[in-house]
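Open the model in your viewer and keep the sequence panel visible. The tour below goes stop by stop, with something to select at each one.

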Amino acid sequence: MRIVMVGSGYVGLVSGACFAQFGHDVICVDKDPEKISRLCQGKIPIYEPGLDRMLADNVRAGRLSFGTDLGDAVAAADAVFIAVGTPARRGDGHADLTYVYAAAAEIASALRGYTVVVTKSTVPVGTGREVARIIRETRPSAEFDVVSNPEFLREGAAIEDFMKPDRVVIGVESTRARDVMAAVYRPLNLIQTPMVFTNIETAEVTKYAGNAFLATKITFINEVADLCEKVGADVHDVARGIGLDGRIGRKFLHPGPGFGGSCFPKDTLALAYTAREVNAPQTIVEQVIEVNNARKKRMAKKVIDFCGGSVTGLTIGVLGLTFKPNTDDMRDAPSLDIVPALQAAGAKIVAFDPEGMTEAARMLEDVAFAKTAYDAANGADVLVVITEWHEFRGLDPRRLKQAMRQPRIVDLRNIFNPDEMRGLGFVYECIGRPAPRPY
Ligand SMILES: NC(=O)c1ccc[n+]([C@@H]2O[C@H](COP(=O)([O-])OP(=O)(O)OC[C@H]3O[C@@H](n4cnc5c(N)ncnc54)[C@H](O)[C@@H]3O)[C@@H](O)[C@H]2O)c1
């Protein structure tokens, strides 16, 4: 198969590299010339474990290339994937489809012969039909089908997710397009990946329903954690106790400062917006959005309360800024709520993140960036863990204690053992695991 990825961000690059790994001929196109020029020099514009190697291997094998012009590439393609961004629209929070529709018009002008145009971007129900309409209007003679193939990969584990997905969802309405999509994903037959073939609207709704459900699960356990804190229960044991029930499942039951990232916040908003438009309000999802936003804001107050009601003049060491570990993605990260609120309350912030500091420096003001986690702890009055990077779990608490001005930790990801930390003399607070009460 000859494949074009339009948009070479997290999804486009990973999908392009993995399709090339499947053995297809892939061209990743992006309108950002700097991104493409870096890729052509073998430099990766994002941090995603394993991606550098996979890109290099497939470029070397002649199956993968990069460009800014989709003209020739689209003309020769069997399938063109749209993997451009669909951020929340300013003002109302609906998905901004400007990039998707612009890509559709550009693709339309370049089509030659039968081609399948696939929306891989997360797009509200009805977008596939609109993409088809735009292509038809731009090039009435074009021979094409539109397919919806939402992507479920997780940043930080994107390659594994793409190469061994739980399932592939394909919204397709012609046999010809279905045959092309089956050929694109044929290598996954070997590992018996379930393929859910359905209509376009169903595929579009499936993506949003999946993300909204996961966001709900996180928000649910976060609220249970609040309850645990009040009544002396341990949320980890509660999560295990309910998660071992096969109907519930153990994943996504880890409490924290609230979900962020490039998908859940905008996708829950877009789903709620679409649903209201068609008068089928998703009130649970609306509640999840509200509860989560309030939670992210409340986390700074948790730190301030922990410090006795004021952080004025204190130095706060922050561990982790990205919305989750193993990515450099800062989009809608909880740190973007927590850090400015602590600064507004008079604290000085010294932060460390293994991969996110370049991006964070663009989004946060007046933060001193440390070279290591220990440097962030150096002279700190309190240490706040915001992202659960694996390397933080291995930090030596004794060394942290020595480095800090006061041995105080607010662990918003529950990466440390409370008994151990308290035993070592830390004043330690985490989420949903209150200090033991005397009998
Ligand atoms: N990031 C994730 O974890 C993830 C997971 C599943 C689905 N998605 C969805 O996939 C889509 C892409 O997300 P992302 O995180 O990769 O976004 P991104 O912002 O990292 O990348 C989008 C890229 O598209 C490029 N682009 C925009 N218009 C273009 C055009 N007309 N021609 C060529 N390039 C163009 C941009 O320059 C950018 O590089 C979104 O709809 C997102 O919701 C993302």
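## The ligand and its shell

Start with the residues of the shell around the ligand: they divide into 8 nonpolar, 7 polar and 9 charged. Bear in mind throughout that this is a predicted model.

Now select the residues that come nearest. Of the 24 residues around the ligand, these are Asp30, Lys35, Thr86, Glu155 and Lys266. Show the side chain of Asp30 and find its polar atom that lies 2.6 Å from an oxygen atom of the ligand. Next show Lys266, where an N or O atom of the side chain is 2.6 Å from an oxygen atom of the ligand. Add Arg331 to the selection; an N or O atom in its side chain is 2.9 Å from a ligand oxygen atom.

How much of the ligand's accessible area does the protein cover? On its own the ligand has 840 Å² of accessible area, and the protein covers 91% of that. To see which elements contribute, colour helix H1 (10-22) and helix H5 (98-110): these are the elements that give two or more residues to the shell.

## Helix H11

Select residues 264-277, which form helix H11. The helix has 14 residues and reaches 20 Å from its first C-alpha to its last, close to the 20 Å expected at 1.5 Å a residue.

Is H11 largely enclosed or largely open? It is largely enclosed by the rest of the structure, because 11 of its 14 residues are buried. Among the buried residues are Phe264, Pro265, Lys266, Asp267 and Thr268, as well as Tyr273. Lys266 has already appeared on this tour, as one of the residues that come nearest to the ligand. Display helix H9 (200-231) and H12 next, since the buried residues of H11 pack against these two helices.

Move past the end of H11 to Asn279, which follows the helix and has a positive phi, near 60 degrees.

## Phe259 and Asn292

Go back along the chain to Phe259, in the loop between helix H10 (235-243) and H11. Phe259 counts as buried, because its relative accessibility of 5% is under the 20% cut-off. Leaving aside neighbours within four places in sequence, its contacts include Phe264, Pro265 and Thr268, which are among the buried residues of H11. Ala215, Ile218 and Thr219 are also in contact with Phe259, as are Val288, Asn292 and Lys296. For a distance check, pick the C-alpha atoms of Phe259 and Met330: they are separated by 12 Å, and the two residues are 71 residues apart along the chain.

One of those contacts, Asn292, is the next selection. Asn292 lies in helix H12 (residues 283-306) and is buried, with a relative accessible area of 2%. Beyond its neighbours within four places in sequence, Asn292 is in contact with Thr219, Gly258 and Phe259.

## Asp78

Select Asp78, in the loop between helix H4 (71-75) and strand E4 (79-82). Which backbone nitrogen does the side chain of Asp78 reach? That of Arg2, at 2.7 Å. With neighbours within four places in sequence left aside, Asp78 is in contact with Met1, Arg2, Thr115, Val116 and Val180. Pick Met181 too: its C-alpha and that of Asp78 are separated by 9.6 Å, with their positions 103 residues apart along the chain.

## Glu130

Move to helix H6 (residues 127-138), where Glu130 lies. Glu130 counts as partly exposed, at 24% relative accessibility. Show the side chains of Glu130 and Arg133, which are joined by a polar contact of 2.8 Å. Then pick Val146, which is 16 residues from Glu130 in sequence and 9.7 Å from it in space, C-alpha to C-alpha.

## Two loop residues with positive phi

Most residues other than glycine have a negative phi. The last two stops have a positive value.

Select Asp332, in the loop between strand E9 (315-319) and helix H13 (335-344). Its phi is positive, about 55 degrees, although Asp332 is not a glycine. At 42% relative accessibility, Asp332 counts as partly exposed.

Finish at Asp366, in the loop between helix H14 (357-363) and strand E11 (368-369). Phi of Asp366 is also positive, near 55 degrees. Is Asp366 buried or exposed? Asp366 counts as exposed, with 71% relative accessibility.

Methods:
Residues are numbered from 1 along each chain as its sequence is written. This is a predicted model: local features need pLDDT of at least 70, side-chain atom pairs count only at pLDDT 80 or more; totals for chains, interfaces and linings use all residues. Side-chain values use heavy atoms; hydrogens and water are left out. A residue is near a molecule or strand if one of its heavy atoms lies within 4 Å of it. A polar contact is a pair of N or O atoms within 3.5 Å; within protein, one must be able to donate a hydrogen and the other to accept it, and residues adjacent in sequence count only if both atoms are side-chain atoms. Accessible areas come from the Shrake-Rupley method with a 1.4 Å probe; for residues, only the protein chains shown count as cover. Helices (H or I, at least four residues) and strands (E, at least two) are DSSP runs, numbered from the N terminus. Ala, Val, Leu, Ile, Met, Phe, Trp, Tyr, Cys and Pro count as nonpolar, Asp, Glu, Lys and Arg as charged, and the others, Gly among them, as polar. Buried means under 20% relative accessible area, exposed over 50%, partly exposed in between (1.4 Å probe, protein chains only). Contact means heavy atoms within 4.5 Å. The expected span of a helix is 1.5 Å times one less than its number of residues.
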